[in-house]
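Please read the following report with the structure open beside you, and look up each residue as it is named.

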Amino acid sequence: RCLVAAKGEMKAPPMKHDTEVHLERTRVRLARFGVDVKDDEKRGRCLVAAKDFKRGDLVLASMPYGLPVPMGDRCAGCFLQKEGDEAEKKIRCSGCDKVWFCSERCKDGAMAGGHAAECQPIKRYFADNAEDEVDGFIQFSALHRHCGMEYPELDGEPMDSDLPYLVPTTGDKADTVARWAQTRFPWRDFCGDWEAEQTAGARHVGLLPQSMTDETVKKEIVRSRMNDFFIQTWSGGDPTPMAGAAYPIGALLNHSCEPSCVCSYRLDVEGTHPTWIQEFRCAVDSLSAGDELTHAYVDASDWSNHRRAELLDRYGFVCACPRCPTDEYGEPVNPPEPTPFPYSKSGMRPPLSDSMTQAEQDVQMARFISCQEFTWAQIALEKDKRAFVTVKLAARLIAEAEHAEEVAEERTKATKAAGLLREMNIDPDSHLTLGMREPFDPCPMTPMRIKATQMASNMAMFESDFEASLRLGDELIGLLEEGYGTRWHAKIANELLRLGGVAGDGMGDNEKAAEKFREALEIGTVTTGPDSWVCERAKAALAAMKP
């Protein structure tokens with residue numbers, strides 16, 4: 001079903017948004033899935049189970065609001081990449097000659113979803129920015145599709161009564177912004193120079209209505225930054241982002257580093273145009289009526305210092321979930337402070353600039369120091385004189401492995417880093433030195449070990465040392481389970497699929513391979529969906545093994 005206004009179609013002025021009326025309407029719609037929505041004093045508007053769910057059950061499904069914005073060299077209609085013979089069937093856009101479609105159906109959907117109005121602005125943009133890539137236009141396209149286009153609703157009522165998923169309405173997308181005034185959310189704190197540049201650029205190429213104020217556009221940019229998703233699929237290794245999209249119904253799920261649900265995307269080709277459906281499935285043993293539905297906004301296997309910094313920079317809150325350090329009152333221990341430039345990961349160089357004041361540089365350096373694992377080792381493991389040096393050396397080896405140009409060099413450095421970290425003995429009471437009630441979950445060493453062990457296993461596979469690759473891969477699975485606090489994660493399913501190939505194709509051990517493929521299928525069915533690439537590959541591999 002296509003939910004875009006036809007060319008020339010007029011729309012009545014939108015009614016003033018009533019959050020209470022919208023809340024009740026949303027409850028009726030969510031009841032189809034056995035889900036309810038409520039306002040929580042601390043966590044804001046959130047979703048809870050209205051019935052019992054078991055692991056793997058579909059909890060919620062919805063389509064995006066408007067047409068998503070593709071990332072990279074992809075079809076502008078379905079966002080898939082085409083290779084080989086399929087690449088020769090690409091249909092170039094005759095209007096701008098900058099985007100392409102893999103079929104007439106995708107072309108029709110993309111044109112109706114916004115590209116028809118973007119063709120001439122794209123030409124104007126590249127007349128001034130000839131050396132730029134198409135990705136440079138994405139920010140303007142996103143603003144146009146969320147600010148400059150109108151999406152009709154049927155007399156203000158939902159348009160999804162006959163569909164197996166929910167269709168977001170204008171009210172769904174507007175509700176977040178409407179509630180900012182009620183919660184006194186400081187949304188202006190999330191805007192910088194980049195916001196003004198984005199707005200000015202979109203106006204310059206003619207993609208924003210003149211009647212739309214900069215204040216309104218600014219609110220949409222903040223809403224998008226905090227609530228939008230990347231449509232992504234798992235097809236080996238890390239997930240591949242394909243497009244940026246607004247899923248306002250899915251955005252009702254709050255974050256937890258110990259999530260009760262997992263998010264995945266499925267391409268629905270049954271409607272008028274291909275549509276990526278966002279799906280949430282139960283990821284825990286069971287959910288009872290009243291339990292909150294959550295998913296992880298960031299990589300939950302990362303160190304909590306990194307997770308909290310990333311969540312603060314992107315979403316404006318400091319996590320106090322069960323896996324993040326809190327005091328006896330449930331408040332975060334040593335929470336990160338806001339910084340001039342977002343910075344949340346390990347690294348050898350803090351993002352400093354001459355334009356920053358001394359106070360801003362001090363705040364930036366404090367964030368940098370707090371995000372270094374060797375800082376943790378120096379304080380928490382003060383009785384272990386070798387810990388600081390070992391962690392710092394391992395961090396350097398991992399960084400060098402990531403930038404190595406040769407497989408052998410990457411394997412050598414990653415293997416050495418993994419070995420150093422594996423041999424470390426962490427004092428189980430080290431958290432007490434930091435004034436924490438419980439240890440970090442996971443231990444700061446675990447994400448480092450994950451990174452080093454994954455590189456070492458992959459490089460061993462590329463060098464045809466399949467025995468070492470499988471051994472390291474099995475170690476990696478254990479580390480991933482420790483990092484995520486569960487085995488029900490898409491990354492684990494992908495890794496098991498790879499190890500199945502290593503065992504079967506590399507070592508000729510079909511029994512071991514079948515074991516890995518079955519595990520990948522079991523976990524992938526929950527975490528990536530039963531029709532995902534992971535599950536299809538696992539099923540095909542198992543079928544090929546049958547006599």
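The report below begins with confidence and then turns to cores, helix packing, single residues and backbone details.

This is a predicted model, and the mean pLDDT of the protein chain is 90, with 96% of its residues reaching 70 or more. Over residues 1–13, however, the pLDDT is below 50, although this stretch has 24 contacts in the model beyond near neighbours in sequence. Where pLDDT is low, the predicted coordinates should not be read in detail.

**Nonpolar cores**

In soluble globular proteins, nonpolar side chains tend to be buried together. The largest nonpolar core of this model holds 36 residues, and the members that touch the most others are Phe101, Phe137, Leu143, Ile231, Tyr247 and Trp276. At least two residues of this core come from each of β7 (100–101), α2 (104–128), α3 (138–148), α6 (214–227), β8 (229–233) and β9 (240–245), and the largest share, 6 residues, is supplied by α2. Tyr247 can serve as an example of such a member: leaving out residues up to four places away in sequence, Tyr247 touches Ser62, Met63, Pro64, Phe229, Ile231, Tyr265, Trp276, Ile277 and Gln278. Apart from this core lies another, of 31 residues, which includes Ala490, Leu499, Ala513 and Ile523.

**Two packed helices**

Two packed helices are described by the angle between their axes and the distance between the axes. Helix α11 (residues 407–422) packs against helix α12 (residues 445–462) at an angle of about 145°, and their axes are 8 Å apart. The crossing in which α11 passes α12 is left-handed. Among the residues that make the contact are Val407, Ala414 and Leu421 of α11, together with Met448, Ala452 and Phe462 of α12. Sorted by type, the residues of this contact divide into 13 nonpolar, 2 polar and 4 charged. In the loop between α11 and α12 is the place of Pro442, and the peptide bond from Asp441 to Pro442 is cis, with omega near 0°.

**Buried residues in helices**

Which residues does Arg367 touch beyond those up to four places away in sequence? Arg367, which belongs to helix α8, touches Ala309, Leu312, Asp313, Pro336, Glu337, Pro338, Thr339 and Tyr343. Its relative accessible area is 3%, and therefore Arg367 counts as buried. Arg367 and Pro342 lie 25 residues apart in sequence, while their C-alpha atoms are 9.3 Å apart in space.

Gly504 is part of helix α14 (residues 490–506), and Gly504 counts as buried because its relative accessibility is 13%. Once its neighbours within four places in sequence are set aside, Gly504 is in contact with Asp509, Asn510 and Ala513. Gly504 and Phe466 are 38 residues apart in sequence, with their C-alpha atoms 9.9 Å apart.

**Positive phi in loops**

The table sets out two residues other than glycine with a positive phi value.

| Residue | Phi | Place | Relative accessible area |
|---|---|---|---|
| Asn334 | near 50° | loop between α7 (304–315) and α8 (358–370) | 61% |
| Ser464 | near 65° | loop between α12 and α13 (466–484) | 49% |

Is Asn334 buried or exposed? Asn334 is exposed, because its relative accessible area is 61% and exposed means over 50%. Ser464, with a relative accessible area of 49%, is therefore partly exposed.

Conventions
Residues are numbered from 1 along each chain as its sequence is written. This is a predicted model: local features need pLDDT of at least 70, side-chain atom pairs count only at pLDDT 80 or more; totals for chains, interfaces and linings use all residues. Side-chain values use heavy atoms; hydrogens and water are left out. Axes are lines fitted to C-alpha atoms, for helices over the stretch in contact, and angles run from 0 to 180 degrees between N-to-C directions. Helices (H or I, at least four residues) and strands (E, at least two) are DSSP runs, numbered from the N terminus. A crossing is left-handed if the near helix is turned anticlockwise from the far one by less than a right angle, and right-handed if clockwise. Contact means heavy atoms within 4.5 Å. Ala, Val, Leu, Ile, Met, Phe, Trp, Tyr, Cys and Pro count as nonpolar, Asp, Glu, Lys and Arg as charged, and the others, Gly among them, as polar. Buried means under 20% relative accessible area, exposed over 50%, partly exposed in between (1.4 Å probe, protein chains only). A nonpolar core is a set of buried Ala, Val, Leu, Ile, Met, Phe, Trp, Tyr and Cys residues joined through side-chain atoms within 4.5 Å. pLDDT is the predictor's confidence in each residue, from 0 to 100.
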